[in-house]
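Me: I'm new to reading protein structures. Could you walk me through this one, a few questions at a time?

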Amino acid sequence: MRAFRYESLPGRVVFGEGSAETVAEEISGQRVLVLATPRGLPLARRIAEPLGDRVVGEFTEVREHVPVAVALHARSRARELRADCLLAVGGGSTVGTAKAISLELRLPIVAVPTTYAGSEMTPVWGMTSSEGKQTGRSLDVLPSVVIYDPALTASLPRALTVTSAMNAMAHSVEGVYAAGANPISSLMAAESVRALAAGLADSSAESLLYGAYLAGAVFAVTGSGLHHKICHVLGGAYDLPHAATHSVVLPHVAEYMDGPALAPIAAALNASTAASGLRELAHRVDAPTSLASLGFPPAKLAEAAALVAAQSPVPEPDIHALLAAAL
Ligand code: NAD
């Protein structure tokens with residue numbers, strides 16, 4: 001066996017139908033700030049109800065990619081309320097807003113995810129300003145407790161279920177060849193891909209959420225590579241939807257990266273290669289397969305390839321060809 005490093009991250013996971021009802025048992029804080037989108041607020045209130053007057057306030061100004069202005073406002077609200085814990089109920093944008101608070105105030109986060117984005121398992125934070133998206137790693141933003149209740153993701157519309165699950169799949173696929181890949185995370189990645197594919201086939205929120213949890217855990221230890229770099233640039237520079245962009249780009253990157261590292265992914269998909277398995281899956285579940293259909297302007301192809309190449313060791317002509325195929 002080759003040498004490797006594996007650093008397990010701290011955190012408690014509670015998984016199962018109905019587990020969101022146990023939130024009061026999982027929170028030791030006495031001044032809880034609840035974070036949710038305006039649409040997710042009724043659900044968040046229902047989940048937080050058993051906390052009674054331990055809830056000191058709500059923050060609903062959640063935006064995708066956490067604009068710096070939102071982060072500053074969220075922090076001052078947490079300070080004003082003298083919050084000692086954050087309860088984030090929602091997708092990656094809501095969890096990301098809680099992380100932006102904790103990056104400075106170091107408050108414990110209890111996350112109750114309602115999508116398959118996986119941010120709740122990672123110590124990665126992100127914020128956007130006019131200069132683009134800034135990201136970093138800090139254990140201060142890693143949620144201390146994550147409560148996975150499949151009943152909460154059952155309300156996702158099918159199209160969002162598909163793209164969010166493909167976004168999770170991307171964490172696991174990338175996890176087998178990223179710089180931090182190791183045999184332990186690769187085991188989790190293969191299991192995650194199996195669970196996500198099975199969950200998409202039989203619409204099982206439980207399988208999907210289990211797969212998404214593992215995918216987030218993989219991403220947290222392996223870091224990212226070419227796929228996330230491309231999606232990061234496309235999302236930031238051309239305002240493409242996050243999860244759908246992952247869905248389109250993934251089979252193309254898997255094809256480019258094809259090699260022994262991707263064999264466990266191919267096996268998990270029962271396919272000869274990871275790329276063919278992902279392509280067949282995308283087709284079967286009606287996932288978006290073209291960047292043009294997401295609103296990417298074809299005339300910007302060369303510009304986008306140059307932007308990605310500036311941040312990646314992959315040669316620009318290869319990126320251009322990959323993006324052209326994804327177009
Ligand atoms: P999101 O949180 O913006 O949610 C997407 C949409 O789904 C929103 O309109 C939301 O209101 C809706 N929604 C959420 N849960 C729902 C439910 N159960 N039923 C119906 N609608 C629901 O997006 P996301 O895809 O969850 O997360 C994407 C964001 O997370 C991006 O900003 C991405 O950069 C970030 N992210 C960060 C990490 C990390 O490790 N830091 C990892 C993955 C994603």
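Below are some questions and replies about this predicted model.

Me: Let's start with strand β4, residues 85–90. How many of its residues are buried?

Reply: Here, buried means under 20% relative accessible area. Cys-85, Leu-87 and Val-89 point one way from β4, while Leu-86, Ala-88 and Gly-90 point the other way. Both sets are buried, so by that cut-off the count for β4 is 6 of 6.

Me: Which residue in β5 is the bridge partner of Leu-86?

Reply: β4 has strands paired with it, so let's take them in turn. 4 bridges join β4 to strand β2 (residues 32–35), running parallel, and there Leu-86 is the partner of Leu-33. Strand β5 (residues 109–113) also runs parallel to β4, joined by 5 bridges. In β5, the bridge partner of Leu-86 is Ile-109.

Me: And how does the chain get from β4 to β5: is the crossover right-handed or left-handed?

Reply: Follow the chain out of β4 and you go through helix α4, residues 92–105, before reaching β5. That makes a β-α-β crossover, and its hand is right-handed.

Me: Now the ligand. Which helix gives the most residues to the shell around it?

Reply: Two helices, α4 and α6 (158–175), each supply at least two residues of that shell. With 3 residues, the one that gives the most is α4.

Me: What is the distance between the side chain of Ser-93 and an oxygen atom of the ligand?

Reply: Ser-93 is among the residues that come nearest to the ligand, along with Gly-92, Thr-114, Thr-115 and Thr-122. For other polar contacts, His-65 has a polar side-chain atom 3.0 Å from a ligand oxygen, and Ser-155 has one 2.9 Å from a ligand nitrogen. For Ser-93, an N or O atom of the side chain sits at a distance from a ligand oxygen of 2.6 Å.

Me: How much of the ligand's accessible area does the protein cover?

Reply: On its own, the ligand has 860 Å² of accessible area. The share of this that the protein covers is 81%.

Me: How many residues of the shell are polar?

Reply: The shell has 20 residues around the ligand. They divide into 6 nonpolar and 3 charged, and the polar ones number 11.

Me: Last one: which residue in β7 stands opposite Thr-128?

Reply: β6 (residues 124–129) and β7 (residues 132–137) run antiparallel, joined by 6 bridges. They form a hairpin with 2 residues between them. Across from Thr-128, in β7, stands Lys-133.

Methods
Residues numbered from 1 in each chain as written. Predicted model: local features only at pLDDT ≥ 70, side-chain atom pairs only at ≥ 80, totals over all residues. Heavy atoms only, no water. Buried < 20%, exposed > 50% of the residue type's maximum accessible area, 1.4 Å probe, protein only. Right-handed = clockwise from strand over helix to strand, strands pointing away. Near = heavy atom within 4 Å. Polar contact = N/O pair within 3.5 Å; in protein donor to acceptor, adjacent residues only side chain to side chain. Areas by Shrake-Rupley, 256 points an atom, 1.4 Å probe, with all protein chains shown as cover. Nonpolar A, V, L, I, M, F, W, Y, C, P; charged D, E, K, R; others polar.
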